[in-house]
Amino acid sequence: MAGKGVITPPRDRADLVERLKETQRRYGHVPEEAIAELAESLAIPVHEVYGVASFYSFLSLKPLGRNVIRVCKSLPCYLKSAEVIMKAVEKELGIVPGETTADGRFSFELINCIGLCDHAPAMLINHDAHVDLTPQKIKQILKSYE
Amino acid sequence: MPQPRVVLKNCDVIDPKRIDSYLENGGFKALAKARREMTPEQITGEIKDSGLRGRGGAGFPCGIKWEGARTASGDAKYVICNADEGEVGTFKDRYILEKDPFTLIEGILIAGHAIGAKQGYIYLRVEYHYLLDHLQNALNQVKQKGYLNGFSLEIREGAGAYICGEESALMDSIEGKRGEARYRPPFPTTSGLWGKPTIINNVETLMNIPPIIMNGADWFSQMGTERSKGTKVFSVSGDVDKPGVYEMVLGSPLRELVEELAMAKNIKLVQIGGATGRILPGDKLDTPLAFEAMLGAGAVTVYDQSRDVIDIIHRTMEFLVEESCGKCTPCRQGTEVMVEVLAKFHRSEGSLRELRNLEALSSAMMLSSLCGLGQAAPNAVMDSLQYFRDEYEKRVAK
């Protein structure tokens, strides 16, 4: 996969996390080929790159949708009925957490505390924060993502 | 009693997008004073005398940390600002970063001068990616005004891992690795980022630096208790009418925070310090908020009488299982076993034998885990067994 995966010229080992994030931004996930390429360009073993790529929750080894929904499941959101929000997303998209819609528009994940507890229940879509959620709001919010 | 604002004094006062607004409110005077009138030794001395302790949860004396890095030998030294608050129920640093990024940067620059570092990082959790441009904008303005004075300050973003809020895991993450806790010693002050002397301070800790430099250690140490000086910023959420960020003098009673400020009613229990924090029942609200009692990073989650204790503790442990980095066995396996046992109690299928096992396991984890996560993971279990043992006993299989 020539030219795929490596976006910036290699600088050093410390760039690995950032380079994996760039890869993910470009392809929607971190493909196996990119892992091999990164390992070669940074002169580190493949398993080390794989180890880093699989460690962080915002990096994904499997393909994701164009937009990633991350609904917070931690206690402060749970107390504010986050489960109702999860059900609303499930109903709207026809997928459960861990799945991607058939058209590739959305992936749906659950996430641990995102620090928006004063406006619970909350979620991130890509990097946008959505707060004080209600099932009614979910429909509108999802509409704004292509 | 009105509470003084030390850390949050500029929040909703200055325009966080314009450095001029910060300068009009006394911004960068502390940095000028530190650089022109004080030696590094005087600065670390002042911070030591102030009694300031780390606000990220561990409460280590800030001045001693700085002194260690200042006197450590090394050609390169680093200052790291830990903006990776991931503790369940914590959002005070998000609030601070949004409302007053300039005081934070000023605090970092003073720290750099104090320990002789020329380079620093702000490690921002990726969940706060929407703050990245805002923070970068503030940093660019500070640079344009010439305040960096040769200091190189860079924002590094995480990639989603609670453990990276732990200082040694955070350094591994900046080095581009999996964020796993390191064996200590050596401590970061002598061997930190890339093996160089490093100080890592929480956002809120660094927010305290400019006011201490401006007003002196005596001014600061007048506030608080004997072992907890100054103020603390709390993140209050859960069953309260007014969730939000509140700053209080250390030693203030929990009751004032949750009942008077956040307007909680019918409190069954309060979780202080998030998933690795402590549990207090509703009849202990007069407990002071201080390091000598319980504090953590100041996450305060309130649960009313309608809540199920076992459900809360089970969910807390589920969080810790997922976020354990997996490097040491007591934490990786201990949290797994605990969540299994708690799940049984949740289904009313527990046993008294398992209850005793939980206690034995807790002691082992506290004693032998590599970092604060595993050491503190049993806290909520132990506290709930102390105050709500009957709820566990009610869930023993008949």
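**Domains and the A–B interface**

Tutor: Let's start with chain A: 28 Å lie between the C-alpha centres of domain 1 of chain A and domain 2 of chain A. This is a predicted model, where local features need pLDDT of at least 70, side-chain atom pairs count only at pLDDT 80 or more, and totals for chains, interfaces and linings use all residues. Residues are numbered from 1 along each chain as its sequence is written, chains are lettered from A and ligands numbered from 1 in the order written, and side-chain values use heavy atoms, without hydrogens and water.

Student: How do you know where the domains of chain A begin and end?

Tutor: The bounds come from an automatic or database domain assignment, which gives 11–55 for domain 1 of chain A and 67–143 for domain 2 of chain A. For chain B, the assignment lists domain 1 (19–221), domain 2 (231–304) and domain 3 (309–393).

Student: How many residues put domain 1 of chain B in contact with domain 3 of chain B?

Tutor: Contact means heavy atoms within 4.5 Å, and 13 residues of domain 1 of chain B meet that against eight residues of domain 3 of chain B. Their C-alpha centres are 33 Å apart.

Student: What area do those two domains bury between them?

Tutor: About 910 Å² is buried between domain 1 of chain B and domain 3 of chain B, with 72% of it on carbon and sulfur atoms; that is accessible area (1.4 Å probe) lost on putting the two parts together, summed over both. On the domain 1 side, B:Y162, B:I163 and B:A181 lose the most, together 50% of what that side buries.

Student: And what do chain B and chain A bury?

Tutor: About 3,200 Å², with carbon and sulfur atoms giving 56%. B:A159, B:R178 and B:R315 supply 18% of the area chain B buries there, more than any other three residues. The contact involves 49 residues from chain B and 34 residues from chain A.

Student: Why is the pair B:R315 and A:E83 called a salt bridge?

Tutor: The rule wants a side-chain nitrogen of Lys or Arg within 4 Å of a carboxyl oxygen of Asp or Glu. B:R315 and A:E83 come in at 3.0 Å, N to O, so the pair qualifies. The rule finds five salt bridges across the interface of chain B and chain A, and zero between domain 1 of chain B and domain 3 of chain B.
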